[in-house]
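Welcome! Below is a guided walk through one structure, moving from a single residue out to the sheets and helices around it.

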Amino acid sequence: MKTGYLIDMDGVIYRENQLIPGAADFVQAMNATGTPFLFLTNNSAPTPEDLAVRLNHLGIHGLSARHFYTSALNTADFLGETDPGCTVFVIGEGGLLAALHERKIANDAIRPHYVVVGEGATTMEKLGKAHECIEHGARLLATNPDNWCPVSREKTRPGAGATAAFLEASTGRRAYYLGKPNGYMFHRARRKLAELALGEPELAVMIGDTMETDIRGAVEAGMHSFLVLSGSTQLEDLGDYVYQPTRILQSVADLTEEVRTGKASDRLTSPVFADNAAHGGRFGHRHQTDIFAFHKPRPRPAMTK
Ligand SMILES: [Mg+2]
């Protein structure tokens with residue numbers, strides 16, 4: 001069966017500027033077997049070319065811009081398809097500006113149709129200008145709903161979701177969030193994967209480390225989803241979610257053999273279930289009161305509010 005993979009990056013391929021062990025072999029196996037794949041990221045700051053260079057420095061070679069689909073490209077696709085000729089006021093970085101420019105979507109600081117919020121630093125002056133544009137009728141669009149993003153194991157930074165939430169609060173208008181888990185992101189990514197594969201793969205799988213974005217989006221798009229435990233989700237967190245991944249893996253290294261041989265295993269043979277018997281196969285908090293013993297974690301995507 002021809003399987004195509006959509007693959008999240010942070011927490012799946014690398015973490016804190018370090019490759020996850022086995023990630024380079026996994027990508028190499030996909031390349032060697034002609035397995036179609038596309039990296040899918042909510043980070044709207046870099047261009048696809050930037051990402052190819054970054055992975056090359058980390059030790060994954062032979063990738064080019066066509067292997068990446070970012071929330072910035074998705075935003076430009078969305079506006080180019082649903083409202084060609086529109087104008088935008090942008091809070092964001094190079095990847096977003098380049099994607100909009102490529103789609104011939106013009107910048108407009110006077111009467112834009114949309115305020116587009118992406119990842120990256122901003123200023124009070126820019127937020128003030130965006131607020132004014134929204135008050136004059138511009139619609140609010142965010143490249144992705146992430147309130148915060150990991151920088152390292154100890155450090156996070158505010159994400160586009162937090163910037164959009166600032167403008168939601170100041171204007172009373174709700175933003176529309178593209179990026180994972182938005183269906184338009186998955187729909188366009190699948191289309192791009194089919195182009196790379198020269199035909200629709202028989203099975204499309206999303207591999208990710210975040211339940212709210214990678215796994216939820218895949219479930220809602222009717223795709224298989226593989227959760228890797230090399231990033232932001234622990235096995236014991238799974239009980240908190242209604243939607244569940246098709247399979248759970250320690251990391252993408254668990255898939256390399258499968259990609260090489262073309263023989264798929266199922267979720268119960270996933271290596272991670274080997275020690276699960278120790279706690280009776282149950283996930284999550286044992287008692288409802290356990291939940292209140294700790295402060296609630298910050299919600300990842302703004303849209304879950
Ligand atoms: Mg991730």
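## Starting from one glycine

Gly 161 counts as buried, because it has 29 C-beta neighbours inside 10 Å and the cut-off for burial is 20 or more. This residue is found in helix 6, which covers residues 160-171. Which residues does Gly 161 contact, once its neighbours within four places in sequence are left aside? They are Ala 142, Asn 144, Pro 145, Asp 146, Asn 147, Pro 301 and Ala 302. For one of these, Asn 144, there is also a distance: its C-alpha atom and that of Gly 161 are separated by 6.4 Å, although the two residues are 17 residues apart along the chain.

## The whole protein

Please keep in mind that this is a predicted model. The average pLDDT of the protein is 90, and 88% of the residues score at least 70. One stretch to read with care is residues 276-294, where pLDDT stays under 50. For that stretch the model has 12 contacts beyond four places in sequence.

The protein has 305 residues, of which 44% count as buried. Its secondary structure consists of nine helices and 15 strands. Among contacts between residues at least 6 apart in sequence, 68% join residues at least 24 apart.

## A sheet of six strands

Let us turn to the sheets. Six strands form an open sheet in the order 5-4-1-13-14-15, and their pairing is parallel. At its edges are strand 5 (68-70) and strand 15, each pairing on one side only. From one strand to the next, the twist averages 25°.

How are the strands on the 1-13-14-15 side joined? The table lists the pairs.

| Strand pair | Bridges | Direction |
|---|---|---|
| strand 1 (residues 3-7) and strand 13 | five bridges | parallel |
| strand 13 (residues 203-208) and strand 14 | four bridges | parallel |
| strand 14 and strand 15 (residues 247-249) | three bridges | parallel |

Individual residues let you follow these pairings by eye. Between strand 1 and strand 13, Thr 3 stands opposite Leu 203, and Tyr 5 has Val 205 as its bridge partner. Moving on to strand 14, Ile 207 stands opposite Phe 226. Leu 227 is a useful residue to find: Gly 208 stands opposite Leu 227 in strand 14, and in strand 15 the bridge partner of Leu 227 is Ile 248.

Is strand 14 largely enclosed or open? Four of the five residues of strand 14 (residues 224-228) are buried, so this strand is largely enclosed by the rest of the structure. The chain reaches strand 14 from strand 13 by way of helix 8 (residues 211-220), and this β-α-β crossover is right-handed. Strand 13 is mostly covered too, with five of its six residues buried.

## A sheet of five strands

Another open sheet has five strands in the order 7-6-8-9-12, again with parallel pairing. Strand 7 (106-107) and strand 12 (176-177) stand at its edges with a single partner strand each, so one side of each is left without a neighbour in the sheet.

Within this sheet, strand 6 (residues 87-91) and strand 8 (residues 114-117) pair in the parallel sense over four bridges. To find the pairing on screen, look for Phe 89, which stands opposite Val 115 in strand 8. Helix 5 (residues 124-135) lies across strand 6, strand 8 and strand 9 (139-142), and it runs at about 150° to strand 6.

## Where helix 3 packs

Helix 3 is a good place to end the tour. This helix lies across strand 4 (37-41) and strand 5, running at about 70° to strand 5. Helix 3 (residues 71-82) also packs with helix 7 (residues 183-196), at an angle of about 95° and with the two axes 10 Å apart. Angles of 65 to 115 degrees count as roughly perpendicular, and helix 3 and helix 7 are therefore roughly perpendicular to each other. On the helix 3 side, the contact is made by Ser 71, Asn 74, Asp 77 and Phe 78. On the helix 7 side, Tyr 184, Met 185 and Arg 188 take part.

How values were computed
Residues are numbered from 1 along each chain as its sequence is written. This is a predicted model: local features need pLDDT of at least 70, side-chain atom pairs count only at pLDDT 80 or more; totals for chains, interfaces and linings use all residues. A residue is buried if 20 or more other C-beta atoms lie within 10 Å of its own, exposed if 12 or fewer, and partly exposed in between; C-beta atoms are placed from the backbone. Helices (H or I, at least four residues) and strands (E, at least two) are DSSP runs, numbered from the N terminus. Two strands pair if DSSP finds at least two bridges between them. A crossover is right-handed if, with the strands pointing away from the viewer, the path from the first strand over the helix to the second runs clockwise. pLDDT is the predictor's confidence in each residue, from 0 to 100. Two residues are in contact if their C-beta atoms, placed from the backbone, lie within 7 Å. Axes are lines fitted to C-alpha atoms, for helices over the stretch in contact, and angles run from 0 to 180 degrees between N-to-C directions. Angles under 35 degrees count as roughly parallel, over 145 as roughly antiparallel, 65 to 115 as roughly perpendicular and the rest as oblique.
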